[in-house]
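Biologist: I would like to learn how to read charged pairs and buried positions in a model of this kind. Could we go through them one feature after another?

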Amino acid sequence: MTISADCQREIGLMLRETAANAVKHGGAREIAVECLVESGRLLLTIFEDGSGFNSAMIAEDGETILHLPLSLSERVKKLDGDLEIVALNSGSRTRISLPMERLS
């Protein structure tokens, strides 16, 4: 299955925003991206080694970081996806899950 040019652009912007936030707000020096297709979903996992954040900054719905731009959660929601952001001991992990049928 191929991903449409518009969806490729949206995915690129999601990755760009995640990386920019990690560097700007967390001082990340290393960022790793994992991309796979599993069970009909495109799974993007972004790890970064910045200063992280307090998990209390995330609303109960798990989608909105209260002190960061909302455009990432809006982009994910626009493609009927799920967003999870977790603070780690060092840095954070962002998982974006998008249904493949929505990306063609």
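Modeller: Let us begin with burial, where the cut-offs matter: a residue is called buried under 20% relative accessible area, exposed over 50%, and partly exposed in between. Please keep in mind that this is a predicted model.

Biologist: With those cut-offs, how does arginine 75 count?

Modeller: Arginine 75 has a relative accessible area of 23%, so this residue is partly exposed.

Biologist: And what is the general idea behind a salt bridge?

Modeller: Side chains of opposite charge can pair when their charged atoms come close. In this model there are 7 salt bridges, and one of them joins the side chains of arginine 75 and glutamate 10, with 2.8 Å from N to O.

Biologist: Which parts of the chain does that pair tie together?

Modeller: Because arginine 75 belongs to helix α2 (residues 71–78) and glutamate 10 to helix α1 (residues 5–26), the pair ties together parts that lie 65 residues apart in sequence. Glutamate 10 also forms a salt bridge with arginine 9, where the closest N and O atoms are 3.7 Å apart.

Biologist: Are arginine 9 and glutamate 10 buried or exposed?

Modeller: Arginine 9 is exposed, at a relative accessible area of 53%, whereas glutamate 10 is buried, at 9%.

Biologist: Where does the salt bridge between arginine 95 and glutamate 84 sit, and what is its N to O distance?

Modeller: The side chains of arginine 95 and glutamate 84 meet at 3.7 Å, N to O. This pair links strand β4 (residues 92–99), which holds arginine 95, with strand β3 (residues 82–87), which holds glutamate 84, the two residues being 11 apart. Both count as partly exposed, arginine 95 with a relative accessible area of 37% and glutamate 84 with 35%. Elsewhere, salt bridges with shared partners join Arg9, Glu10, Arg75 and Lys78 into one network.

Biologist: Strand β4 also contains serine 97; what does its side chain meet in a polar contact?

Modeller: The side chain of serine 97 is joined to that of arginine 41 by a polar contact of 2.5 Å. Serine 97 counts as buried, at 13% relative accessibility, and, once residues up to four places away in sequence are set aside, it touches Arg41, Leu42, Leu43, Gly81 and Asp82.

Biologist: How should I read the nonpolar interior, and which elements supply it?

Modeller: The largest nonpolar core has 15 residues, and those with the most contacts inside it are Met14, Leu42, Val76, Ile96, Leu98 and Leu103. At least two residues of this core come from each of α1, β2 (41–48), α2, β3 and β4. Leucine 98 illustrates the packing, since beyond its neighbours within four places in sequence it is in contact with residues including Ile11, Met14, Leu42, Val76 and Leu103.

Biologist: Which residues of α2 are buried, and what covers them?

Modeller: In α2, the buried residues are Leu72, Ser73 and Val76. They cover an arc of only 95° around the axis, and therefore lie on the same side of α2. The cover over the buried residues of α2 includes α1, β3 and β4.

Biologist: What follows α2?

Modeller: Aspartate 80 follows α2, and its phi is positive, near 60°.

Terms used. Residues are numbered from 1 along each chain as its sequence is written. This is a predicted model: local features need pLDDT of at least 70, side-chain atom pairs count only at pLDDT 80 or more; totals for chains, interfaces and linings use all residues. Side-chain values use heavy atoms; hydrogens and water are left out. A salt bridge is a side-chain nitrogen of Lys or Arg within 4 Å of a carboxyl oxygen of Asp or Glu. Buried means under 20% relative accessible area, exposed over 50%, partly exposed in between (1.4 Å probe, protein chains only). Helices (H or I, at least four residues) and strands (E, at least two) are DSSP runs, numbered from the N terminus. A polar contact is a pair of N or O atoms within 3.5 Å; within protein, one must be able to donate a hydrogen and the other to accept it, and residues adjacent in sequence count only if both atoms are side-chain atoms. Contact means heavy atoms within 4.5 Å. A nonpolar core is a set of buried Ala, Val, Leu, Ile, Met, Phe, Trp, Tyr and Cys residues joined through side-chain atoms within 4.5 Å. The arc is that of the directions from the helix axis to the C-beta atoms.
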